[in-house]
Amino acid sequence: TDQPNQRWAMDFVSDTLATGRPFRVLTIVDECTRESPAIEADTSLPGKRVIRVLEHLASRGVLPRELRVDHGPEFVCRALRNWCEDHTILLRYTEPGRPMQNGHVESFNGKFRDECLNGSWFTSLAEARKKIENWRADYNLSRPHSSLDYRTPSEFAALLREQQLKPTKMEKLYF
């Protein structure tokens, strides 16, 4: 895609707290800008919780036109399908067993696991959430990507928004 918020990719990553209790992380990545609008960690993230994350993003005025997801129960549930329909968001499912059809989020999840989850010992869910959010902010604001002409995801998104606001030569002639 060549526009911000055209298509987001979503997936889950699992980890374990120091206590042995497992937790899951919902990751969301904009396929154009590589920005992560949200990462949500909790012990349970069913479809209705995914919707709550998307509602929070909507309250900030940000939603995609499409969502690319796998066939996990959180993504195929009626509640999410209805929510997407109500918000005119196209749900695009990958083929079963073909994770690379969601390559942007798979790549993001690999970095996230290597740089955040594998390098941290989370003593509580609150600590995990704080470290994960700090990592997300650093990823969006401080890390240039070669695929973005060595800009950070946030810089690249801002540049695209600015270009969309500039009038074309024809518009300058008439206005």
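The legends below accompany a set of close-up views of a predicted model of a protein chain.

**Figure 1. The whole protein chain, with its seven helices and five strands.** This opening view sets the scene for the close-ups. Read along the sequence, the elements follow the pattern β-β-β-α-β-α-α-β-α-α-α-α. The C-alpha trace spans about 65 × 35 × 30 Å along its principal axes. For 175 residues, a compact globule would have a radius of gyration near 16 Å, and the 17 Å found for the protein chain agrees with that. Buried residues account for 42% of the 175 residues. If you like to think in contact maps, take the contacts with a separation of 6 or more: 57% of them join residues 24 or more positions apart. The accessible surface comes to about 9800 Å², and carbon and sulfur atoms contribute 50% of it.

**Figure 2. Phe-108 and Trp-135, an aromatic pair between two helices.** The model has seven aromatic pairs in total, and this view shows one of them. The ring centres of Phe-108 and Trp-135 lie 5.4 Å apart with the planes at 70°, so the pair counts as edge-to-face. Distant parts of the chain are linked here: Phe-108 belongs to helix α4 (residues 103-117) and Trp-135 to helix α5 (residues 125-142), with their positions 27 residues apart in sequence. Phe-108 has a relative accessible area of 2%, so it is classed as buried. Trp-135 is buried too, at 7%.

**Figure 3. Trp-135 again, now with Tyr-139 as its ring partner.** Here the pair is stacked, with 5.3 Å from centre to centre and 25° between the planes. Both residues sit in helix α5, and because they are four residues apart, about one helical turn separates them. Tyr-139 has a relative accessibility of 3%, which means that it counts as buried. Stepping back a little, ring pairs join Phe-108, Phe-112, Trp-135 and Tyr-139 into a cluster.

**Figure 4. Arg-24 and the ring of Phe-12.** This view turns from ring pairs to a charge over a ring. The charged end of Arg-24 sits over the Phe-12 ring, at 4.1 Å from the ring centre.

**Figure 5. Cysteines in a model with zero disulfides.** Why does Cys-32 have no bond to another cysteine sulfur? The closest cysteine sulfur to that of Cys-32 is in Cys-84, 20 Å away, which is too far for a bond. For comparison, a disulfide would need the two sulfur atoms within 2.5 Å. Cys-32 itself is buried, with a relative accessibility of 6%. Cys-116 is also buried, at 3%.

**Figure 6. Asn-134 in helix α5, shown with Cys-116.** These two residues are 18 apart in sequence, while their C-alpha atoms are 9.5 Å apart in space. Is Asn-134 buried or partly exposed? At 47% relative accessibility, Asn-134 counts as partly exposed, whereas Cys-116 is buried.

**Figure 7. Thr-152 in the loop between α5 and α6.** Helix α6 covers residues 153-165. Thr-152 counts as buried, with 5% relative accessibility. Which residues does Thr-152 touch, once those up to four places away in sequence are set aside? Its partners are Asn-140, Leu-141, Ser-142, Arg-143 and Pro-144.

**Figure 8. Ser-142 in helix α5, with its contacts.** This is the view of Figure 7 from the partner's side. Apart from neighbours within four places in sequence, Ser-142 is in contact with Ala-137 and Thr-152. Ser-142 is partly exposed, with a relative accessible area of 45%, while its contact Thr-152 is buried. Glu-155 makes a handy landmark here: it is 13 residues from Ser-142 in sequence and 9.3 Å away in space, C-alpha to C-alpha.

Key
Residues are numbered from 1 along each chain as its sequence is written. This is a predicted model: local features need pLDDT of at least 70, side-chain atom pairs count only at pLDDT 80 or more; totals for chains, interfaces and linings use all residues. Side-chain values use heavy atoms; hydrogens and water are left out. Rings of Phe, Tyr and Trp (its six-membered ring) pair if their centres lie within 6.5 Å; planes under 30 degrees apart count as stacked, over 60 as edge-to-face and the rest as tilted. Buried means under 20% relative accessible area, exposed over 50%, partly exposed in between (1.4 Å probe, protein chains only). A charge sits over a ring if NZ of Lys or CZ of Arg is within 6 Å of the ring centre and within 35 degrees of the ring normal. Contact means heavy atoms within 4.5 Å. The radius of gyration is taken over C-alpha atoms; the globule rule is 2.2 Å times the number of residues to the power 0.38. Accessible areas come from the Shrake-Rupley method with a 1.4 Å probe; for residues, only the protein chains shown count as cover.
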